[in-house]
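The following exercises ask you to trace how strands are joined in a sheet and where a nonpolar core lies. Please keep the sequence and the model open side by side while you work through the solutions.

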Amino acid sequence: MEFTPQKNDGLKVETSGRRSFLLALFGLSGAAVSALLAFPLVRFLTYPLRKSATDTTWSDVGPVQDFASLTAPIAKTITLERRDAWQTTSSQTAVYVLPSKAGQFRILSPICPHLGCSVRWVGDQDKFICPCHSGSFTADGERIAGPPPRSLDALESKVEDGVLKVRYQYFRQLVPNKEAMA
Ligand code: FES
């Protein structure tokens, strides 16, 4: 069989290559536009998921007059509200309210920064003691001795309508500096 060269072969290949390139380009542009249009919708649908990670939750500690004349730390139970996606759950935990200094209320997390046990205020020794590995802290929460790598963590507080409130947070353990966990 005899081979008959086709005059326009090169042109056909070139035209088809250009067409594929243009189609790919249109496809990519379309995908990019769709992604941009979908972005607000995705943000809207995932709002509760993203919100739960950064939500600032304030809990009531009690009427401010209850803490006006403290002479030693006292433990108070607070209710924590947690928003996980579309669900709100509540749980209870403890905080320590310290005697105010220069008119400022001070609240400490009871969680030991070593491995997370709950410290106890031992009034007759005038210090906080961790029952797990005997870490100890002053009445202000400063580290005295033991394996904890830092002092007890102070929590943000404020007074609103005569009520002392606390912003409860968890902090990373085993690190020398206070680092809030998301
Ligand atoms: S957990 Fe508190 S000293 Fe270890």
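**Exercise 1.** Find which residue of strand 9 stands opposite Leu-108, and establish how strand 4 and strand 9 run relative to each other.

*Solution.* Begin with Leu-108, whose opposite residue in strand 9 is Ala-154. Strand 4 and strand 9 run antiparallel and are joined by 2 bridges; two strands count as paired if DSSP finds at least two bridges between them. Strands here are DSSP runs of E with at least two residues, helices are runs of H or I with at least four residues, and both are numbered from the N terminus.

This is a predicted model, in which local features need pLDDT of at least 70 and side-chain atom pairs count only at pLDDT 80 or more, whereas totals for chains, interfaces and linings use all residues. Residues are numbered from 1 along each chain as its sequence is written.

**Exercise 2.** Follow strand 10 to its partners on either hand, and describe the turn that links strand 9 and strand 10.

*Solution.* First, strand 9 (residues 154–160) pairs with strand 10 in the antiparallel sense over 5 bridges, and Glu-160 has Val-163 as its bridge partner in strand 10. These two strands form a hairpin with 2 residues between them, and Asp-161 in that turn has a positive phi of about 50 degrees. Next, strand 10 (residues 163–167) is joined by 5 bridges to strand 1 (residues 58–63), again antiparallel, with Lys-165 standing opposite Asp-60.

**Exercise 3.** Give the strand order of the open sheet and name its edge strands.

*Solution.* The sheet has 6 strands in the order 1-10-9-4-3-2, with antiparallel pairing. Strand 1 and strand 2 (74–84) are its edges, since each pairs on one side only.

**Exercise 4.** Locate the largest nonpolar core, and list the contacts of Ile-107.

*Solution.* A nonpolar core is a set of buried Ala, Val, Leu, Ile, Met, Phe, Trp, Tyr and Cys residues joined through C-beta atoms within 7 Å, and a residue is buried if 20 or more other C-beta atoms, placed from the backbone, lie within 10 Å of its own. The largest such core holds 20 residues, of which Val-95, Val-97, Ile-107 and Leu-108 touch the most other members. Strand 3 (87–101), strand 4 (104–108) and strand 10 each give two or more residues to this core, the largest share, 4 residues, coming from strand 3. Finally, leaving aside neighbours within four places in sequence, Ile-107 is in contact (C-beta atoms, placed from the backbone, within 7 Å) with residues including Val-61, Val-95, Val-97, Ala-154 and Val-166.

Methods:
Buried ≥ 20, exposed ≤ 12 C-beta atoms within 10 Å, placed from the backbone. Contact = placed C-beta atoms within 7 Å.
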